[in-house]
Amino acid sequence: MQLENVVVDAADPRSLGRFWEAALGTERLTDEPDVYETRLSVESGPWLDLCFQRVAEPPAPGPRLHLDLDGGADPAATVDRLVGLGATRLDTAPEGADWVVLADPEGHELCVVGPRPAYAGTGPLAALALHSADPVRDSAFWAWLTGWTQVDAVAPRSLRHPSGRGVLLEFVDEAHPKGSTKNALHLDVRLEAHEDADEVEAAIIERGGRPDPHPEWGDLPWRTYLDPSGNEFCVLRASEAALS
């Protein structure tokens, strides 16, 4: 399997997608009223798609997954640029922190971080910060799920693509257990051609995850799950190109 998407709930996918496209310098893939997709590629490293899907509900407070942007040599200038694009300053970071907390135009929290050696080679998106009840357990689960490897970074546990480049997947201690409210951001992984969906589901359950079916959504080309800390994720079918 491979990590393929960061999926973001949006009232206006096109408008929010264009904000993030400008923020990260990504390549547009899909531009439709209900779905907007843009690709972040890192030289000699992985690519990751940001997918914005239309939903009616605004993001709940206290996000369990958020994006950390590399502020580069001048984080203040990066903050100013994002505010100029439509972000809002939240100023909720503790005094002396080397990051600034913002909200995108629809209220999804994000951080702009100062220079950190661990973020060398990430590109503009430094980290995906995922709240976890047990970072050791959950990093092992996601390492199996994605094929990414453990690295020493800032968070209690972090994973990175085997190339050693691109965004980090960081597991941070949760402030509160995951409730029933759906995460406004979640991750998707895609099966490889040789992988069987039922066998993968059995392995997810064995490792502490569980199915999260939604029959009200109809017949979909993916399956929905919760990781051991209750965070939603999807497993997509193998691509047609991989199957051909």
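In the predicted model, helix H3, spanning residues 135-146, packs against helix H4, spanning residues 197-206, at an angle of about 170 degrees, and the two axes lie 11 Å apart. Angles over 145 degrees count as roughly antiparallel, and H3 and H4 are therefore roughly antiparallel to each other. The crossing in which H3 passes H4 is right-handed. On the H3 side, the residues that take part in the contact are Phe141, Trp144 and Leu145, which meet Val200, Ala203 and Ile204 of H4. Classified by residue type, this contact of H3 with H4 comprises 6 nonpolar residues, with no polar and no charged ones.

Attention then turns to empty space in the model. Such space is revealed by rolling a probe the size of a water molecule over the atoms. The second largest pocket has a volume of about 390 Å³. Its lining is formed by 20 residues, and those nearest the centre of the pocket are His66, Asp68, Trp99, Cys111 and Ala129. Two or more lining residues are given by each of the strands E5 (65-70), E7 (99-103), E8 (109-113), E9 (125-132) and E12 (168-173). Of the elements that contribute to the lining of this second largest pocket, E8 gives the most, with 3 residues. By class, the lining of the second largest pocket consists of 12 nonpolar, 4 polar and 4 charged residues. Polar and charged residues thus appear in the pocket lining, whereas the contact of H3 with H4 has neither.

Notes
Residues are numbered from 1 along each chain as its sequence is written. This is a predicted model: local features need pLDDT of at least 70, side-chain atom pairs count only at pLDDT 80 or more; totals for chains, interfaces and linings use all residues. Side-chain values use heavy atoms; hydrogens and water are left out. Axes are lines fitted to C-alpha atoms, for helices over the stretch in contact, and angles run from 0 to 180 degrees between N-to-C directions. Helices (H or I, at least four residues) and strands (E, at least two) are DSSP runs, numbered from the N terminus. Angles under 35 degrees count as roughly parallel, over 145 as roughly antiparallel, 65 to 115 as roughly perpendicular and the rest as oblique. A crossing is left-handed if the near helix is turned anticlockwise from the far one by less than a right angle, and right-handed if clockwise. Contact means heavy atoms within 4.5 Å. Ala, Val, Leu, Ile, Met, Phe, Trp, Tyr, Cys and Pro count as nonpolar, Asp, Glu, Lys and Arg as charged, and the others, Gly among them, as polar. On a 1 Å grid over the protein atoms alone, a cavity is a set of points where a 1.4 Å probe fits but cannot get out, and a pocket is an open set with protein on both sides within 12 Å along at least five of seven lines; lining residues have an atom within 4 Å of a point. Grid points are joined across faces, edges and corners, and a volume is the space filled by probe spheres set on the points.
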